[in-house]
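Grab a coffee and work through these short exercises on the empty spaces inside a protein. Try each task before reading its solution.

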Amino acid sequence: MAGLKYLSGFGNELSSEDPRCPGALPEGQNSPQVCPYGLYAEQLSGSAFTCPRPANKRSWFYRILPSVKHKPFTAVPSGNLTENWNEVEPDPNQLRWLPFTIPKSTEKKVDFVAGLHTVCGAGDAKSRNGIGIHMYTCNTSMNPWLRFDAHFQVDSVFFFFSHFLIVPQQGEILITTEFGKMMVEPNEICVIQQGMRFSVDVFGETRGYILEVYGAHFELPDLGPIGANGLANPRDFLCPVAWYEDRKVATGYTVINKYQGKLFACQQDFSPFNVVAWHGNYTPYKYNLKNFMVINCVAFDHADPSIFTVLTAKSTRPGVAIADFVIFPPRWGVADHTFRPPYYHRNCMSEFMGLIHGHYEAKEEGFQPGGASLHSMMTPHGPDAECFEKNSTAELKPERVAEGTMAFMFESSFSMAVTKWGLQTCQRLDKSYYQCWEPLRSHFNPNWKPSKP
């Protein structure tokens with residue numbers, strides 16, 4: 001949307017007020033007896049009050065009416081959104097999905113919430129320890145003033161008790177939040193943090209991926225010996241500026257709450273997006289993946305993919321993530337005496353991969369934009385036979401890798417279960433995936449001798 005403005009920085013102390021109401025932020029305090037313009041003060045806490053200062057997250061809203069004013073929540077159908085990790089038997093195989101189907105608008109109107117489908121996950125939302133991986137496939141915008149009745153479809157304003165990292169693959173999405181608006185396009189990501197209310201407008205057939213983390217906040221990874229600069233730079237993260245609507249509708253607004261893995265709905269007669277001003281360090285944000293400063297090997301061998309980490313949600317074990325968001329961006333490949341594609345691998349982490357556009361270097365056929373793959377904990381994976389043969393004999397000269405491509409990975413220390421929708425209902429599971437390794441042949445030569453210098 002033309003004209004949208006943003007504030008720059010990751011985890012910064014920021015403040016914003018809608019220019020229609022200058023001076024809406026109180027001076028010198030958070031909760032005055034009477035707020036400017038007759039607003040209500042409301043705090044949104046993203047961490048415990050007593051967290052150490054570097055980890056303490058909260059923002060203050062100055063809004064026309066507080067969010068506590070609503071009718072009671074009642075349960076609504078959750079569709080294909082689930083946290084039941086025991087629907088089907090475990091499957092340790094390498095899994096790959098063809099591009100997930102987007103419903104045609106001429107056949108059925110499906111909005112962002114109705115179009116959420118859980119593919120896999122692990123852990124427990126009640127203990128706030130775990131993750132879920134979802135696809136969204138939709139064709140119509142959320143309508144925040146639809147009435148809730150017996151024929152209710154899950155449309156409206158959404159919020160949840162976890163963190164959503166959204167990766168658009170097809171179609172831009174306009175996200176309206178209590179903090180303001182963000183336009184997020186393919187090759188960008190956004191994070192909506194726990195408890196933040198938002199709605200999603202789309203502009204045609206739309207598809208993307210979501211990483212949901214139940215407890216830990218996303219952080220920038222530590223840089224270690226890389227130094228002070230590199231990977232995703234904090235100033236490239238963008239937060240919305242304050243925008244409000246003072247609107248009431250007779251039919252009411254529907255607010256959808258994802259709570260302990262289930263969906264609930266309530267009604268209110270005023271817009272949830274009535275925040276005139278805000279300040280704090282707990283905000284939604286977006287990031288353009290083209291701004292990632294790539295680190296890569298410049299001598300020999302293939303570096304581990306952790307050098308491509310954009311964001312991490314840390315566990316309590318040092319160096320072990322609940323989830324990492326990793327990308328495989330365009331870059332130079334210059335390593336000498338090296339098999340340059342990713343190596344064959346068995347990992348103590350689970351690897352869920354998606355493709356935004358282009359062709360992934362290790363599997364140029366079969367792995368398609370809008371599809372996905374899952375290589376579970378200790379499940380072998382690596383380049384297909386064609387990739388191995390080609391790159392074992394290729395002339396090693398400087399070359400561009402992944403040009404015109406953006407693949408990504410949600411990597412987790414959890415052993416993830418695949419849902420019934422992911423294995424069966426979606427009907428997109430590529431059961432021939434294992435065949436890409438079938439042509440691998442032995443090159444073993446017991447009489448091999450090192451070549452003379």
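Before you start: helices (H or I, at least four residues) and strands (E, at least two) are DSSP runs, numbered from the N terminus. Keep in mind that this is a predicted model.

**Exercise 1.** Find which element gives the largest share of the lining of the largest pocket.

*Solution.* Start with the space itself: the largest pocket holds about 630 Å³. Its lining takes in 34 residues, with Pro341, Glu361, Asn391, Glu399 and Val401 closest to the centre. Next, look for elements that give two or more residues to this lining: they are β23 (331-333), α1 (385-392) and β26 (399-401). The largest share, four residues, belongs to α1.

**Exercise 2.** Sort the lining of the largest pocket by class.

*Solution.* Go class by class: you should get 13 nonpolar, seven polar and 14 charged residues.

**Exercise 3.** Now turn to the cavities and describe the largest cavity and its lining.

*Solution.* First, the tally: there are three cavities of 30 Å³ or more. The largest cavity has about 260 Å³ of space. Around it sit 19 lining residues, and Pro305, Pro342, Glu351, Tyr360 and His381 lie nearest the centre. Sorted by class, that lining gives 10 nonpolar, five polar and four charged residues.

**Exercise 4.** Do likewise for the second largest cavity: what is its volume, and how does its lining divide by class?

*Solution.* The volume comes to about 90 Å³. Among the lining residues are Gly9, Phe10, Lys57, Cys239 and Tyr285. By class, the lining of this second largest cavity splits into four nonpolar, five polar and one charged.

Technical notes:
Residues are numbered from 1 along each chain as its sequence is written. This is a predicted model: local features need pLDDT of at least 70, side-chain atom pairs count only at pLDDT 80 or more; totals for chains, interfaces and linings use all residues. Side-chain values use heavy atoms; hydrogens and water are left out. On a 1 Å grid over the protein atoms alone, a cavity is a set of points where a 1.4 Å probe fits but cannot get out, and a pocket is an open set with protein on both sides within 12 Å along at least five of seven lines; lining residues have an atom within 4 Å of a point. Grid points are joined across faces, edges and corners, and a volume is the space filled by probe spheres set on the points. Ala, Val, Leu, Ile, Met, Phe, Trp, Tyr, Cys and Pro count as nonpolar, Asp, Glu, Lys and Arg as charged, and the others, Gly among them, as polar.
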